[in-house]
Amino acid sequence: MLLVSPSYLRTAELRLRGYTRATIRHALDRGDLIRVRRGRYVWGGVHESHLVAARSGGRLDCVSLLGAFGVFVLSADDVHLQFDRTDSRLPRRHRGIRAHWRESACARADLQADLVEALAQACRCQPPRVAVASLDSALHLGLIDGDDLDRVFDRLPRRYRPLRKLIDARAEAGSETLVRLMLRSMGYRPSLQISLRGVGRVDLLVDGWLIVECDSRAFHGDVAQQIRDRRRDLAAAELGYVTLRILAEDVFHRPDAVRAALGAVLARKPRGSSRASSD
């Protein structure tokens, strides 16, 4: 639904489609049409976030649009909407809506911002490391490519340019990006998504011996997956690797504790460990 932006329809457009006053009323009664503002309608079944945008006179934007696409964002409690600077006579905005005023290349009636515009706005709205995680995620999902990434940074002030070299599309989760950046700040250069013979693919490999896995409830919560994880850890230990499993929730909400644990483990590098080579 989100790959092509829905648009609101004016009464005149419905008339051109053959609707009369009676058929518009009938479509509203059946839920085929929804009146969002006076003289403006959307088709029934539209995403709830688009309804909020339509009723507010804006477009779904920033972290709200990214979250709807499945792109990693740390928090999207408010609904972020983009408004044209020239907009006037807009409905009163309700609490929980965050407005971003800027010009847009979107059509007037579109109910969501352009994805590149939304990514650039999200870089401004989020802490730098979280912004990198969102860009990693959008690239990994195939929603943007390198040219689009250049367009994102073209829309940002020069002070954001250093983030460009930190982006890596191999990261499969926002927690992986955040841990990778944490390790970089500690002086390490972890390898991402490395395949180890006898173990399989691991999230991060640090200093050639420490495997860091970032686990979330969504993908590691069931018993069968936990059994597979523990057997992989045993196989890695047999080869001389040490595995540290970190909860994504701790990465997001207890980063100081995660950093302290990483530092403590890395300070005790095992001696003479035998490790298999990566594939």
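In the predicted model, the side chains of Arg102 and Asp61 form a salt bridge in which the closest N and O atoms are 2.8 Å apart. Arg102 is located in the loop between β6 (97–101) and α5 (115–125), whereas Asp61 belongs to the loop between β4 (59–60) and α4 (62–69), so the pair ties together parts that are 41 residues apart in sequence. Both Arg102 and Asp61 are buried.

The structure contains 17 salt bridges in total, and two further pairs may be described individually. Within helix α7 (residues 146–154), Asp148 and Arg151 are three residues apart, about one turn of the helix, and their side chains meet in a salt bridge with an N to O distance of 2.9 Å. Asp148 is buried, with a relative accessible area of 17%, while Arg151, at a relative accessible area of 40%, is partly exposed. A salt bridge also links Arg170 with Asp168, at 2.7 Å from N to O; here Arg170 counts as partly exposed at 45% relative accessibility, and Asp168 counts as buried at 16%. In addition, salt bridges that share partners connect Asp215, Asp229, Asp233 and Arg245 in one network.

The strands β4 and β6, which precede the loops that hold Asp61 and Arg102, belong to an open sheet of three strands in the order β4-β5-β6, with mixed pairing. Because β4 and β6 stand at the edges and each has a single partner strand, one side of each is left without a neighbour in the sheet. The pairing between β4 and strand β5 (residues 79–83) is antiparallel and extends over two bridges, with Gln82 in β5 as the bridge partner of Arg59. Helix α3 (residues 48–56) lies across β4, β5 and β6, and runs at about 45 degrees to β5.

A second set of paired strands is arranged around β8 (residues 200–206), of whose seven residues five are buried, so that this strand is largely enclosed by the rest of the structure. Strand β7 (residues 191–196) pairs with β8 in the antiparallel sense over five bridges, and Ser195 stands opposite Arg201 of β8. These two strands form a hairpin with three residues between them, and in the turn Gly198 has a positive phi of about 85 degrees. Strand β9 (residues 210–215) likewise pairs with β8 in the antiparallel sense, over three bridges, with Leu204 placed opposite Val212 in β9. The hairpin formed by β8 and β9 also has three residues between its strands, and Asp207 in the turn has a positive phi of about 60 degrees.

Helix packing is illustrated by helix α6 (residues 128–140) and helix α8 (residues 174–185), which pack at an angle of about 130 degrees with their axes 9 Å apart. The two helices, α6 and α8, are therefore oblique to each other, and α6 passes α8 in a right-handed crossing. On the side of α6, the contact is made by Arg129, Val130, Val132, Ala133 and Asp136, and on the side of α8 by Gly174, Thr177, Leu178, Arg180, Leu181, Met182 and Ser185.

Notes:
Residues numbered from 1 in each chain as written. Predicted model: local features only at pLDDT ≥ 70, side-chain atom pairs only at ≥ 80, totals over all residues. Heavy atoms only, no water. Buried < 20%, exposed > 50% of the residue type's maximum accessible area, 1.4 Å probe, protein only. Helix = DSSP H or I, 4+ residues; strand = E, 2+ residues; numbered from the N terminus. Pairing = 2+ DSSP bridges. Salt bridge = Lys/Arg side-chain N within 4 Å of Asp/Glu carboxyl O. Axes fitted to C-alpha atoms, helices over the stretch in contact; angles between N-to-C directions. Parallel < 35°, antiparallel > 145°, perpendicular 65-115°, else oblique. Left-handed = near helix turned anticlockwise from the far one by under 90°. Contact = heavy atoms within 4.5 Å.
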